[in-house]
Amino acid sequence: MAHLSIAGAFSVNGVSALHSQILKDDCFHDFYLVSPEKFRNVTNGIAYRRWLGQSNPGLTQLITDCIGDAFLRDPNRLADFLPFKEDPAVRSEFGRIKNANKERLAAYIKEHNGIVVDPASLFDVQAKRLHEYKRQLLNVLHILRLYYSYKDNPNQTIVPRTFLFGAKAAPGYARAKRIIQLIHAVADMVNSDPTMKDKLKVVFLEDYKVTVAEILMPAANLSEQISTAGREASGTGNMKFMLNGALTIGTMDGANVEICQEVGEENMFLFGLRTAEVNERIRHGYSPMTYYQNNAWISRILTAIMQGIGAPGRTIPFPDIANSLLLSSPGNIADPYLVLADFEDYCRAQTEASALYGQPDAWNEKGIINTAKAGIFAADRSVMDYNDRIWHLNVLK
């Protein structure tokens, strides 16, 4: 169907710069060689008035107080907010608004999930479709590393974390549903452990939908955008979190690449193999078992997953998930999304995030930078790009 579409179309575009390049270099390279003029890029955009103006009235008011309300009509004007990162009073108010949004989310979680979370903790959020390439499993492995680390050394100084998942899986996607079950088992184990009371909480938000996202995204401190490099076409959740002042922890994948170009590497937490490195590993043989044999944390965590995760008396073994990362079988490649290959660098980036969260003023400054630089990801720009590059319609004033 894709081949027929490309043959019959006068224009073919990807939805992020990286995605469009992959179409030309890999997926449809032969078509590109024949008709290079057809191929172009239009990066996705979001309805920023909904995800800022409607969902985050506190931040909208702060920006309005600083630069006026023209940004609600012209997203490029969000850039006028950037100089206010230097203002201590604005940084403080930015943090106060974020905390108020976190308190609102904490109240929602208590009502709908029966879990009490600390709004002062770092809200670490991964909200997206549940799919192996998006690597919710990598997030889970890191949570288990933190849990066992704290159990080993309960007197260590830590930055409290609340891990939040929002996701749905396709009805027939059995592995995705097992990963959801694993997340619930980890939450059961962590949340029922009295020694974790002031350290870790894990919450899987039920019935995730737009109205829940409107509460979740303004409250996020850390935005998890951790797909295997080269596998995410674009992503728009990353843009919504960025707009609301969350800092991204992510790979150089999809629109993360363009977010990085806007805010700079110093204002996000990058990790992991790049697209070319991922492809090189896959082409020339990737042995996840090597990581299991040589990395004590990976070995410990996967062994625990095999044996059972959950509160005492309620443990559930997940040998299928552990084996999917270690053992190839007919029709299935072990760890096809290189979870184990990126694990250590992901943990390194998470440690950096914890250290920065302990410096609220510096964290808020970077949050302001992310919000101010988000205008380019508005649907207004995306629609105009489509018109300028593909549709060529008359613009009504």
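In which sense do strands E3 and E4 pair, and over how many bridges? Select residues 122-127 for E3, then add E4. The two strands run in the parallel sense, joined over 6 bridges. Keep in mind that this is a predicted model.

Zoom in on Leu 122. Across from Leu 122 stands Arg 161 of E4. Now follow the chain from E3 to E4: the path goes through helix H7, residues 136-152, and this β-α-β crossover is right-handed.

**Strand E4**

Select residues 161-166. Strand E4 is mostly covered, with 6 of its 6 residues buried. Look at one side: Arg 161, Phe 163 and Phe 165 are buried there. Turn to the other side, where Thr 162, Leu 164 and Gly 166 are buried too.

**On to E5**

Add residues 200-205, strand E5. E5 pairs with E4 in the parallel sense, over 6 bridges. Arg 161 has Leu 200 of E5 opposite. To get from E4 to E5, the chain passes through helix H8, residues 174-191, in a right-handed β-α-β crossover.

**The cavities**

How many cavities of 30 Å³ or more does the structure hold? There are 2. The largest has about 60 Å³ of space. Select some of its lining, including Lys 128, Lys 134, Glu 232 and Asp 253. By class, this lining has 7 polar, 4 charged and 1 nonpolar residues.

The second largest cavity has a volume of about 30 Å³. Select Asn 56, Leu 59, Phe 94, Ile 97, Lys 98, Asn 101, Pro 218 and Asn 244 to show its lining. Helix H6, residues 88-113, gives the largest share, 4 residues. The lining divides into 4 nonpolar, 3 polar and 1 charged.

Methods
Residues are numbered from 1 along each chain as its sequence is written. This is a predicted model: local features need pLDDT of at least 70, side-chain atom pairs count only at pLDDT 80 or more; totals for chains, interfaces and linings use all residues. Side-chain values use heavy atoms; hydrogens and water are left out. Buried means under 20% relative accessible area, exposed over 50%, partly exposed in between (1.4 Å probe, protein chains only). Two strands pair if DSSP finds at least two bridges between them. A crossover is right-handed if, with the strands pointing away from the viewer, the path from the first strand over the helix to the second runs clockwise. On a 1 Å grid over the protein atoms alone, a cavity is a set of points where a 1.4 Å probe fits but cannot get out, and a pocket is an open set with protein on both sides within 12 Å along at least five of seven lines; lining residues have an atom within 4 Å of a point. Grid points are joined across faces, edges and corners, and a volume is the space filled by probe spheres set on the points. Ala, Val, Leu, Ile, Met, Phe, Trp, Tyr, Cys and Pro count as nonpolar, Asp, Glu, Lys and Arg as charged, and the others, Gly among them, as polar.
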